[in-house]
Amino acid sequence: MSAFNQHPDREFRARELHELLGMPTDEASVNVTRARLGRLTRQGFLTQPRRGRYQKRT
């Protein structure tokens, strides 16, 4: 959530978040992040303006 708080108007892909935060970009790690982003979207913290893109709900 820190990346979304720092850039509230920006849309992120899961792999971009990994690169921004210095996390490993292997497919398994990125898939875990995708699942977490989906959960945050369902809980109302994020929106999904386009397929595969996530943004902080304003």
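Accessible areas come from the Shrake-Rupley method with a 1.4 Å probe. With that in hand, let's explore this predicted model through three short exercises.

**Exercise 1. Describe the surface and the charges of the protein chain.**

Step 1: Start with the surface. The accessible surface comes to about 4000 Å², and carbon and sulfur atoms account for 47% of that surface.

Step 2: Turn to the charges. The chain carries 12 positive and 6 negative charges, and the mean positions of these two groups lie 6 Å apart.

**Exercise 2. Work out the fold pattern, and decide how compact the chain is.**

Step 1: List the elements. The protein chain has three helices and two strands, arranged along the sequence as α-α-α-β-β.

Step 2: Compare the radius of gyration with the globule rule. The chain has a radius of gyration of 11 Å, close to the 10 Å given by the rule for 58 residues, so the chain is as compact as a globular protein of that length.

Step 3: Add the dimensions. Along the principal axes, the C-alpha atoms fill a box of roughly 30 × 20 × 15 Å.

**Exercise 3. Place threonine 41 and decide: is it buried or exposed?**

Step 1: Locate the residue. Threonine 41 sits in helix H3, which covers residues 27-42.

Step 2: Apply the cut-off. Buried means under 20% relative accessible area; threonine 41 has 19%, so it is buried. Across the chain, 24% of the 58 residues are buried.

Step 3: Look around it. A polar atom of the threonine 41 side chain lies 2.8 Å from the backbone oxygen of leucine 37. Setting aside neighbours within four places in sequence, threonine 41 is in contact with Leu46, Thr47, Gln48 and Tyr54.

How values were computed: Residues are numbered from 1 along each chain as its sequence is written. This is a predicted model: local features need pLDDT of at least 70, side-chain atom pairs count only at pLDDT 80 or more; totals for chains, interfaces and linings use all residues. Side-chain values use heavy atoms; hydrogens and water are left out. Helices (H or I, at least four residues) and strands (E, at least two) are DSSP runs, numbered from the N terminus. The radius of gyration is taken over C-alpha atoms; the globule rule is 2.2 Å times the number of residues to the power 0.38. Buried means under 20% relative accessible area, exposed over 50%, partly exposed in between (1.4 Å probe, protein chains only). Lys and Arg count as positive and Asp and Glu as negative; His and the chain ends are not counted. The place of a charge is taken as NZ of Lys, CZ of Arg, CG of Asp or CD of Glu. A polar contact is a pair of N or O atoms within 3.5 Å; within protein, one must be able to donate a hydrogen and the other to accept it, and residues adjacent in sequence count only if both atoms are side-chain atoms. Contact means heavy atoms within 4.5 Å.
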